[in-house]
Every structure is written in C-alpha cells, then in structure tokens.
Amino acid sequence: MTAPAQAEYRIESLDNDYQNEIKAAAADGKYVVLFFHQAGCPYCDKMRARVHPAPDVMNYFSQHFVMMESNIKGNLDVVMPDGTAVTEVEFGQKIRVRATPVFVFYDFDGKPALRTTGYLDEKQFLLAGRYVVDGVYKTDKSFFRYVQEQD
C-alpha cells in the first residue's frame with residue numbers, strides 16, 4: 001500500500017533566488033506565486049489558516065503553482081525575479097508593497113501576470129489561479145472583470 005500523495009504547493013526557497021525558482025517551476029510547468037506578508041497581519045494569518053489549506057485550493061494550486069513567502073519587514077537576502085539582489089525589505093519597497101497580504105503571480109518568463117492586495121476568500125483565490133493558468137491575464141480583461149463574470 002502506498003502513502004497518499006501530499007498535495008502541497010507552499011515551499012520554502014533554500015536560497016531565496018526567486019529568478020531561479022521561477023525558472024525551475026516553469027520547467028515543471030508551474031507558475032510561482034510570491035506571498036508578501038508581515039508579522040501581525042491578521043489577514044495573512046487568515047489566508048494561511050483558512051484559504052491555503054482548503055481542499056479545492058490545495059488541489060488546484062498543487063497542480064499549477066509553487067508559492068513562496070517574503071516578509072516585507074525581513075532582512076534576508078533575496079534575488080528578485082528580474083535578477084536584482086536585495087533584502088526582503090528592499091524587494092517589498094521596489095515593487096511598492098504597502099499593505100499585506102499581497103500575492104504576485106509570475107508567468108513562466110518571470111513577468112508579473114497578476115497582483116492582488118488584501119484578503120481573498122477561497123473562491124477568489126481559486127479564480128486568481130485560474131486567471132493566470134487559463135491565460136486570461138494576457139488579454140485586456142482585468143481580474144476584477146473576470147471575477148464579476150464568474151458570478
């Protein structure tokens with residue numbers, strides 16, 4: 001008897017080189033999502049506790065995504081998707097993360113495909129994933145319009 005597969009899309013980068021993480025994920029046919037957070041953020045905690053482990057989210061995101069976290073107040077050295085070496089604080093500042101949570105979905109080339117700010121419920125988070133996977137981000141349709149059309 002084999003053990004059940006672990007459906008897990010949240011990983012910790014060993015070297016925080018997001019440029020190489022995107023390349024590695026793309027080689028596996030997966031997109032990278034960076035989850036920008038900070039200590040004490042109740043909506044970040046709510047996303048981790050309620051949305052990320054939800055079965056539908058877990059199954060879909062495990063198939064299509066790798067998600068890593070970056071602390072906007074952290075001092076770890078990171079390599080941004082464009083290859084720039086900075087600290088986590090500088091990364092957050094450079095891409096103008098002012099409130100958390102922020103999710104940036106990167107395409108296979110390391111370009112931002114979607115950026116969301118604030119808490120997303122399970123349905124909205126799944127729609128964010130589908131917006132990227134289905135290539136809707138390549139069209140003129142905004143994520144907001146896409147969500148409205150799904151209701």
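These legends accompany views of a predicted model.

**View 1. Fold order of the protein.** The protein holds six helices and six strands. From the start of the sequence to its end, the order is α-β-α-α-β-β-β-α-β-β-α-α. The radius of gyration is 15 Å, close to the 15 Å that the globule rule gives for 151 residues, so the protein is as compact as a globular protein of that length. The C-alpha trace spans about 45 × 40 × 30 Å along its principal axes.

**View 2. Burial and contacts.** Of the 151 residues in the protein, 47% are buried. Contacts between residues at least 6 apart in sequence were also sorted by separation. In that set, 62% join residues at least 24 apart.

**View 3. Surface and charge.** About 8,400 Å² of the protein is exposed. Carbon and sulfur atoms supply 48% of that area. The protein carries 17 positive and 21 negative charges. The mean positions of these two sets lie 6 Å apart.

**View 4. Close-up of Q63.** Q63 sits in helix α3, which covers residues 55–64. Is Q63 buried or exposed? The relative accessibility of Q63 is 55%. The cut-off for exposed is over 50%, so Q63 counts as exposed.

**View 5. Q63 and A24.** Along the chain, Q63 and A24 are 39 residues apart. In space, 15 Å separates the C-alpha atoms of Q63 and A24. Of this pair, Q63 belongs to helix α3.

Notes: Residues numbered from 1 in each chain as written. Predicted model: local features only at pLDDT ≥ 70, side-chain atom pairs only at ≥ 80, totals over all residues. Heavy atoms only, no water. Helix = DSSP H or I, 4+ residues; strand = E, 2+ residues; numbered from the N terminus. Rg over C-alpha atoms; globule rule 2.2 N^0.38 Å. Buried < 20%, exposed > 50% of the residue type's maximum accessible area, 1.4 Å probe, protein only. Contact = heavy atoms within 4.5 Å. Areas by Shrake-Rupley, 256 points an atom, 1.4 Å probe, with all protein chains shown as cover. Lys, Arg positive; Asp, Glu negative; His and termini not counted. Charge placed at Lys NZ, Arg CZ, Asp CG, Glu CD.
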